[in-house]
Amino acid sequence: MKPHIAISNYFFLLLFLLSQLQSFSATPSSSSSSSGTYRDTQQLLSFKDSLPNSTLLPSWLPNQNPCEFSGVSCKLNRVSSINISTIPLSTNLTIVSTFLMTLDALESLTLKSTGLTGPISFAAKSKCSPLLTSVDLANNSLSGPISDVSNLGSCSNLKVLDLSSNLLDFNAKDSARFGLSLQVLDLSFNKISGPAVAVDPVQRLQ
Ligand SMILES: *[C@@H]1O[C@H](CO)[C@@H](O)[C@H](O)[C@H]1NC(C)=O
Ligand SMILES: *[C@@H]1O[C@H](CO)[C@@H](O)[C@H](O)[C@H]1NC(C)=O
Ligand SMILES: *[C@@H]1O[C@H](CO)[C@@H](O)[C@H](O)[C@H]1NC(C)=O
Ligand SMILES: *[C@@H]1O[C@H](CO)[C@@H](O)[C@H](O)[C@H]1NC(C)=O
């Protein structure tokens with residue numbers, strides 16, 4: 001009898017250890033992360049629903065893991081990177097900031113050649129991901145003054161911002177401070193006007 005009890009105790013200990021190991025390897029805190037993952041899914045679906053063309057992003061579906069959505073990558077089951085370049089989203093930065101830049105763990109956002117229009121805006125009351133370091137908005141139709149870049153001020157960790165090949169107005173006289181500590185700001189191929197001043201369109205600001 002005694003050996004049997006010992007074995008079953010050992011068996012339960014093993015089960016306990018395995019279950020601990022499983023919850024440890026899944027995520028540091030599985031319950032808060034699964035609600036975070038759910039929130040990420042909801043935000044991505046809200047973004048999709050806001051698009052004028054509802055047939056885009058066909059793999060972005062309800063009740064699915066957002067890490068499986070095309071163009072989306074995750075770290076620890078949270079959305080960390082989005083690259084949906086060349087998909088004709090035809091939306092604006094108010095929508096992009098509301099639903100994508102606010103993803104809690106987003107580090108990198110690439111929306112090159114996606115038909116973005118309007119000014120460099122950021123949705124009122126929205127809070128940018130504190131981890132967002134890189135945003136690529138190249139080859140779109142963003143317009144308005146380049147000083148609107150200051151609207152991205154809540155993206156406190158933003159280091160690289162590519163605004164090349166848009167329709168932004170950059171007047172060399174207007175040496176506005178952008179309120180961001182960017183390392184790379186690419187403004188090449190925009191509407192640079194004003195007196196002839198040597199302006200390096202790829203500014204290294206630090
Ligand atoms: C919506 O997107 C699909 C897929 O890219 C495209 O075939 C279709 O022409 C688009 N519809 C409109 C109204 O732009
Ligand atoms: C983004 O996706 C496009 C094609 O879908 C690819 O060519 C490009 O290298 C990707 N960029 C990044 C930064 O991952
Ligand atoms: C952005 O797009 C949304 C939805 O299409 C629209 O309601 C809003 O007025 C647009 N905002 C700007 C600044 O263009
Ligand atoms: C820029 O975007 C247009 C469509 O909006 C596309 O035809 C063109 O190939 C893109 N150019 C580059 C350099 O990505």
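The UniProt record, in an unreviewed entry, places the feature "domain: Leucine-rich repeat-containing N-terminal plant-type" at residues 40–74; UniProt positions follow the numbering used here, feature names are shortened, and annotations may be inferred rather than shown by experiment. In this span the end C-alpha atoms lie 10 Å apart, and 31% is helix and 9% strand. Helices (H or I, at least four residues) and strands (E, at least two) are DSSP runs numbered from the N terminus.

The model is predicted: local features need pLDDT of at least 70 and side-chain atom pairs count only at pLDDT 80 or more, while totals for chains, interfaces and linings use all residues. Residues are numbered from 1 along each chain as its sequence is written, and chains are lettered from A and ligands numbered from 1 in the order in which they are written.

**Strand pairing**

Strand 1 (residues 72–75) runs antiparallel to strand 2 (residues 78–83), joined by four bridges; two strands pair if DSSP finds at least two bridges between them. Val72 stands opposite Ile82 in strand 2. The two strands form a hairpin with two residues between them, and Leu76 in the turn has a positive phi of about 50°. Strand 2 also pairs with strand 3 (residues 108–110), here in the parallel sense over three bridges, and Asn83 stands opposite Thr110 in strand 3. Between these strands the chain passes through helix 3 (residues 93–99) in a right-handed β-α-β crossover, that is, with the strands pointing away from the viewer, the path from the first strand over the helix to the second runs clockwise.

**Ligand surroundings**

Asn83 and Thr110 are also among the residues around ligand 2. A residue is near a molecule if its C-beta atom, placed from the backbone, lies within 6 Å of it. Ala, Val, Leu, Ile, Met, Phe, Trp, Tyr, Cys and Pro count as nonpolar, Asp, Glu, Lys and Arg as charged, and the others, Gly among them, as polar.

| Ligand | Residues around it | Classes in the shell |
|---|---|---|
| Ligand 2 | Asn83, Ser85, Thr86, Thr110 | no nonpolar, four polar, no charged |
| Ligand 3 | Ser50, Asn92, Thr94, Ile95, Gly118, Ser121 | one nonpolar, five polar, no charged |

**Positive phi in loops**

Asn139, although not a glycine, has a positive phi of about 60°. Asn139 lies in the loop between strand 5 (134–136) and strand 6 (141–145), and counts as buried because it has 20 C-beta neighbours inside 10 Å. Ser165 has a positive phi near 55° and is placed in the loop between strand 7 (160–162) and strand 8 (167–171). Ser165 is partly exposed, with 19 other C-beta atoms within 10 Å. A residue is buried if 20 or more other C-beta atoms, placed from the backbone, lie within 10 Å of its own, exposed if 12 or fewer, and partly exposed in between.
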